[in-house]
There are 2 protein chains.
Amino acid sequence: MLSRASILDAALELADERGLGATSMRAVAERVGVTPMALYPYVGSKAALLDGLVDRMLAEFLPDIGAHEGRPWRDRLRLIGYGVRELARRHPTTFTLLFDRPAVTPDAVRVVDAIYRALLDAGVPDKDVPRLERLFTTFCLGFALSDVNGRFAVGGVNPRARRAAAAPGAVPAHEQLAPVLDSELDLDAEYEADLENLIDLVASVADR
Amino acid sequence: MLSRASILDAALELADERGLGATSMRAVAERVGVTPMALYPYVGSKAALLDGLVDRMLAEFLPDIGAHEGRPWRDRLRLIGYGVRELARRHPTTFTLLFDRPAVTPDAVRVVDAIYRALLDAGVPDKDVPRLERLFTTFCLGFALSDVNGRFAVGGVNPRARRAAAAPGAVPAHEQLAPVLDSELDLDAEYEADLENLIDLVASVADR
DNA sequence: ACCTGAACACCGTTCAAGT
DNA sequence: ACCTGAACACCGTTCAAGT
């Protein structure tokens with residue numbers, strides 16, 4: 001039976017399988033076995049369909065957050081950070097939509113509230129809580145997006161080629177760091193270290 | 001005279017004026033006074049044209065970086081942070097492309113090298129330098145992208161509406177923070193505070 | 001009430017043709 | 001060597017028509 005939910009399901013599946021670029025109204029319609037124009041009463045427009053995908057991703061994220069209620073605030077922030085990264089891996093091309101629109105839907109506000117609570121439990125002054133929420137989520141979303149988009153070039157262009165791309169002497173730090181840059185990149189470990197640093201940052205704002 | 005540079009100039013102008021969505025091969029061609037297919041020998045494809053826009057933005061960013069050579073490392077990181085935000089404001093719709101591809105062009109490597117140098121001067125151990133470079137730029141790019149995309153909803157949906165969107169009692173932290181959330185959002189001041197926190201984070205990794 | 005089908009104004013890109 | 005023009009296989013969306 002045709003419904004808004006079934007259309008969004010089909011669209012998200014299609015995006016996960018063939019990419020957001022292949023997720024046209026026509027392709028979604030074909031997947032649900034209907035003519036493109038039949039979608040419009042249910043989703044309004046292509047842009048509104050994409051908003052719907054953001055909602056669906058947030059709804060998927062929410063149970064994750066409920067699960068770590070009652071744990072120490074540091075654990076909660078860490079787990080939220082990991083959750084964002086997993087969400088990006090499940091929906092590598094739709095994930096970018098989270099950067100497009102403000103968190104105004106009920107589910108989005110609930111996610112933000114969970115982070116507010118962790119920051120308040122950490123002892124962050126009220127006035128700094130919304131700022132640190134934005135700092136934390138901006139980093140998590142940015143890292144996950146960079147990762148799925150290949151900005152960190154994992155397994156891609158090697159560091160030697162990168163140094164060679166610049167004029168000799170133009171990138172002295174790359175030369176000094178050559179041994180480190182040539183070693184393999186472990187993004188999971190890196191993200192973990194980043195989250196620890198950010199959690200310490202939160203603690204330092206709390207203890208001020 | 002038709003050339004790769006003049007085509008990229010036209011494309012970037014068009015994107016700044018009418019948005020990246022309106023920047024079609026056909027529209028760029030019209031602006032340079034030629035048929036769409038005449039662009040292909042110079043830019044290769046639409047995707048390659050977008051890569052060219054990334055290059056152009058980085059080239060624009062580079063003099064900025066050269067200008068603060070010799071200043072203390074904290075100033076250099078701060079100025080790079082501000083520069084990223086200004087770049088986003090100048091190119092609000094093309095900016096998102098910086099999240100799409102790894103920093104492998106000569107100009108991109110030079111930007112990364114300037115940040116490596118600041119981190120090395122701060123006393124960050126070699127092994128942590130590339131990680132903190134990615135942490136810093138990921139936050140700066142993410143904040144600027146959120147800003148130009150309206151993710152922070154400046155002047156948009158008001159906080160009272162946001163709280164009302166959730167079931168009563170579902171967002172206790174929003175209720176506790178109501179006075180703070182109702183006060184006006186100053187993103188410039190917020191970004192400044194964020195950068196100070198991140199610079200302190202760098203110092204803390206250096207002093208460990 | 002719900003869906004279809006033709007049509008419109010767009011895309012990026014191929015390919016043969018012009019000068 | 002450089003550019004044009006027609007054509008192909010796509011888009012999102014409007015609007016009138018069908019059941």
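Colleague: How many residues surround DNA strand D, and which are the closest?

Modeller: This is a predicted model. In the model, 14 residues surround DNA strand D. The closest are A:R26, A:M37, A:Y40, B:T35 and B:Y42.

Colleague: What part of the atoms of DNA strand D within 4 Å of the protein belongs to sugar or phosphate, and what part to bases?

Modeller: Sugar or phosphate supplies 51% of those atoms, and bases supply the rest. By class, the surface near this strand has eight nonpolar, three polar and three charged residues.

Colleague: Which atom of DNA strand D does a polar side-chain atom of A:R26 approach?

Modeller: A polar side-chain atom of A:R26 lies 2.3 Å from a base nitrogen of DNA strand D. Two other side chains point to the phosphates. In A:S24, an N or O atom of the side chain is 3.1 Å from a phosphate oxygen of DNA strand D. In B:Y42, a polar side-chain atom lies 2.8 Å from a phosphate oxygen of that strand.

Colleague: Let us turn to the other strand. Which residues come nearest to DNA strand C?

Modeller: Around DNA strand C there are 14 residues, of which A:T35, A:Y42, B:R26, B:M37 and B:Y40 come nearest. Of the atoms of DNA strand C that come within 4 Å of the protein, 52% are accounted for by sugar and phosphate. The surface near DNA strand C divides into eight nonpolar, three polar and three charged residues.

Colleague: Which atoms of DNA strand C lie close to polar side-chain atoms of B:R26, B:S24 and B:Y40?

Modeller: For B:R26, an N or O atom of the side chain is 2.3 Å from a base nitrogen of DNA strand C. For B:S24, the partner is a phosphate oxygen of DNA strand C, at 3.1 Å from a side-chain N or O atom. For B:Y40, a polar side-chain atom lies 2.8 Å from a phosphate oxygen of the strand.

Colleague: How should the relation between the two protein chains be read?

Modeller: In general, two copies of a chain are related by a rotation about an axis and a shift along it. Here, a turn of 180 degrees and a shift of 0.0 Å along the axis lay chain B on chain A with an RMSD of 0.0 Å. The two copies are therefore related as by a two-fold rotation axis.

Colleague: Why can one say that the copies meet through the same surface?

Modeller: Because 100% of the interface residues of chain B are also interface residues in chain A, the copies meet through the same surface.

Colleague: What is the make-up of chain A in helices and strands?

Modeller: Chain A has eleven helices and zero strands. Its C-alpha trace spans about 60 × 45 × 25 Å along the principal axes.

Colleague: At what angle do helices α6 and α7 of chain B pack, and how far apart are their axes?

Modeller: Helix α6 (residues 106-122) and helix α7 (residues 129-149) of chain B pack at about 115 degrees, and their axes are 9 Å apart. The crossing of α6(B) past α7(B) is right-handed.

Colleague: Which residues meet there?

Modeller: From α6(B), B:V112, B:I115, B:Y116, B:L119 and B:L120 meet B:V129, B:P130, B:L132, B:E133 and B:T137 of α7(B). By class, the residues of this contact are eight nonpolar, one polar and one charged.

Definitions and conventions. Residues are numbered from 1 along each chain as its sequence is written. Chains are lettered from A and ligands numbered from 1 in the order in which they are written. This is a predicted model: local features need pLDDT of at least 70, side-chain atom pairs count only at pLDDT 80 or more; totals for chains, interfaces and linings use all residues. Side-chain values use heavy atoms; hydrogens and water are left out. A residue is near a molecule or strand if one of its heavy atoms lies within 4 Å of it. A polar contact is a pair of N or O atoms within 3.5 Å; within protein, one must be able to donate a hydrogen and the other to accept it, and residues adjacent in sequence count only if both atoms are side-chain atoms. Ala, Val, Leu, Ile, Met, Phe, Trp, Tyr, Cys and Pro count as nonpolar, Asp, Glu, Lys and Arg as charged, and the others, Gly among them, as polar. Copies are superposed by least squares on the C-alpha atoms of residues with pLDDT of at least 70 in both. Contact means heavy atoms within 4.5 Å. Axes are lines fitted to C-alpha atoms, for helices over the stretch in contact, and angles run from 0 to 180 degrees between N-to-C directions. Helices (H or I, at least four residues) and strands (E, at least two) are DSSP runs, numbered from the N terminus. A crossing is left-handed if the near helix is turned anticlockwise from the far one by less than a right angle, and right-handed if clockwise.
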